[in-house]
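Me: I'd like a close look at one helix pair in this model, and then a walk outward from there. Please keep it relaxed, but give the cut-offs as you go.

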Amino acid sequence: RKLFEVCRRHRLPILTFVNKLDRPSRDPLELLDDVERTLGIAAAPVNWPVGSAERFRGVYDLRSRTLLRYEREAQGQYRAPVVLSSLDDPDTREIVGDNLYKHFRESLDVIREAGTSFDLTEYRAGRQTPLFFGSALTNFGIEPFLQALIDFTPPPQPHLSDSGVVSATDERFTGFVFKIQANMDPRHRDRVAFVRVCSGRFTKDMTLTNSRLAKSLRASRAYRFFGRDREIIKVAYAGDIIVLVNPGSFLIGDTLHSGPTLRFPDLPRFPAEHFGRIRSKDTRYKQFDEGVKQLEEEGLMQVFFLSAGRREPIIGVVGALQYDVIASRLKNEYGVMAEIQPVEYAAARWFSSADVPSPGGSNVMAVDRHDRDVILFESEWGLRYFERHHPDVVLLAESPVTRATPVSPHSTKSRSQPR
């Protein structure tokens, strides 16, 4: 739901596929209502299911007014042929069955009269999601869904920057880092940055500027990824995704460009809701420090260090299941056994004021990896109490923009747990 909230806030187009119609399922009208309540936008059916489970007969395409029939093979096996026939074909009623046909026509009349009709402009504006039904396991209904992905996808859009709107047709290269991944190839321990090209033409070996660092770099190793496969690319254009080898120079949200300096807005980051103290269970502290640092760069977690008391890092995550992912990756990718013990914090808040009063109670002061001050609140009530009694202090749920700063004496190494 948090991801859907971000999509809605930024008006990102969403296509929806309702899966497993060959299994017992809720009424399609209930599913339609659930999609709208979950996404917070209108849902416009592109096709409509005929039955479900053992009575699943296919989906009806509302635009072409044809029935895509689902057929079952002998001995309970399934195949997914797509046979087109008119809904008014006499054979259709016989194949579907009188009772199922009547229920289907009634629900079809409801969505035609009271439902939302698909509108491409509304979809591209992020105010409507086209709805498809099918069964992915049997490959039924997937082809229309993928074809819609091709037909409905908008062209590269303009992007706002601190120096104005950047059009996809602008000549100079611009792009932003939206993902960082470590150990894509475990044999080489490489880190890569995924970059969305916003404008201009990217060419291999071109010189780019990272606006956060105000530093130039040469893009000598650029790739295109497909699953685990990678291929070297020599040219890319607006809308393309390129992958650059990351020698520690990139962070999520970094703007890369040629020509005059500009910066795109930072990417939103979910505030942490679960906190835990992480420590190494063996003596490989260097690998532990490196693993924690790189996983944080990926956006998998946020790392905090208490201003007083124990020096073991406190990690913040959105979901508690991420603890298992972190421990598993530290073990398999960095050879470190780590233990994460949940701690009683409910929220982390940054602030921009120079003088901040003591948080009081069980709330504590901490710093993040960039030495920015943070308050860790023990409960939501404690957070609201602090806001009521200190209205002049502006608390930030997301970390401030990261600027290039010299390395402080309180480096990651000095914050590691005692040797």
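Why do α7 and α8 count as oblique to each other?

Reply: Before the angle, a bit of housekeeping. This is a predicted model, where local features need pLDDT of at least 70 and side-chain atom pairs count only at pLDDT 80 or more, while totals for chains, interfaces and linings use all residues. Numbering starts from 1 along each chain as its sequence is written, and side-chain values use heavy atoms, with hydrogens and water left out.

Now the pair. Helix α7 covers residues 285-297, helix α8 covers residues 322-334, and they pack at an angle of about 125 degrees with axes 10 Å apart. Helices here are DSSP runs of H or I with at least four residues, strands are runs of E with at least two, and both are numbered from the N terminus. Two packed helices are described by the angle between their axes and the distance between those axes. The axes are lines fitted to C-alpha atoms, for helices over the stretch in contact, and the angles run from 0 to 180 degrees between N-to-C directions. Under 35 degrees counts as roughly parallel, over 145 as roughly antiparallel, 65 to 115 as roughly perpendicular, and the rest as oblique. That is why α7 and α8 end up labelled oblique to each other.

The crossing of α7 and α8 is right-handed. The convention is that the near helix is turned clockwise from the far one by less than a right angle for right-handed, and anticlockwise for left-handed. On the α7 side, the contact is made by Q287, G291, V292, Q294 and L295, and α8 brings I326, R329, L330 and Y334. Contact means heavy atoms within 4.5 Å. Sorted by class, that contact has 5 nonpolar, 3 polar and 1 charged residues. In this scheme Ala, Val, Leu, Ile, Met, Phe, Trp, Tyr, Cys and Pro are nonpolar, Asp, Glu, Lys and Arg are charged, and the others, Gly among them, are polar.

Follow the chain on from there and you meet E298, in the loop between α7 and β21 (302-306). E298 is buried, with a relative accessible area of 12%. Buried means under 20% relative accessible area, exposed over 50%, and partly exposed in between (1.4 Å probe, protein chains only). Leaving out residues up to four places away in sequence, E298 touches I180, Q181, A182, I252 and R329. R329 is also one of the α8 residues in the helix contact. E298 and R191 sit 107 residues apart in sequence, with 9.6 Å between their C-alpha atoms.

Stepping back, the chain has 10 helices and 27 strands. Of its 419 residues, 44% are buried. Among contacts with a separation of 6 or more, 68% join residues 24 or more positions apart.

For another spot, try W48 in strand β3 (residues 47-50). At 0% relative accessibility, W48 counts as buried. Setting aside neighbours within four places in sequence, W48 is in contact with P28, L29, G58, V59, Y60, F104, S107, L108, I111 and F133. Take Y60 from that list: 12 residues separate W48 and Y60 in sequence, and their C-alpha atoms are 5.0 Å apart.

L29 lies in helix α2 (residues 28-39) and is partly exposed at 30% relative accessibility. Outside the four-place window, L29 touches W48, S107, V110 and I111. The C-alpha atoms of L29 and I111 are 8.3 Å apart, for 82 residues along the sequence. S25 is in the loop between β1 (16-18) and α2, and at 34% relative accessibility S25 is partly exposed too. Its C-alpha is 6.5 Å from that of S52, 27 residues away along the chain.

Two backbone oddities are worth a glance. A214 has a phi near 55 degrees, positive in a residue other than glycine, and belongs to the loop between β13 (207-210) and β14 (215-218). A214 is exposed at 67% relative accessibility. D371 also has a positive phi, about 60 degrees, without being a glycine. You'll find D371 in the loop between β25 (364-368) and β26 (373-377), partly exposed at 31% relative accessibility.

Last, the cysteines. C7, at 14% relative accessibility, counts as buried, and so does C198, at 1%. The structure holds 0 disulfides, a disulfide being a pair of cysteine sulfur atoms within 2.5 Å.
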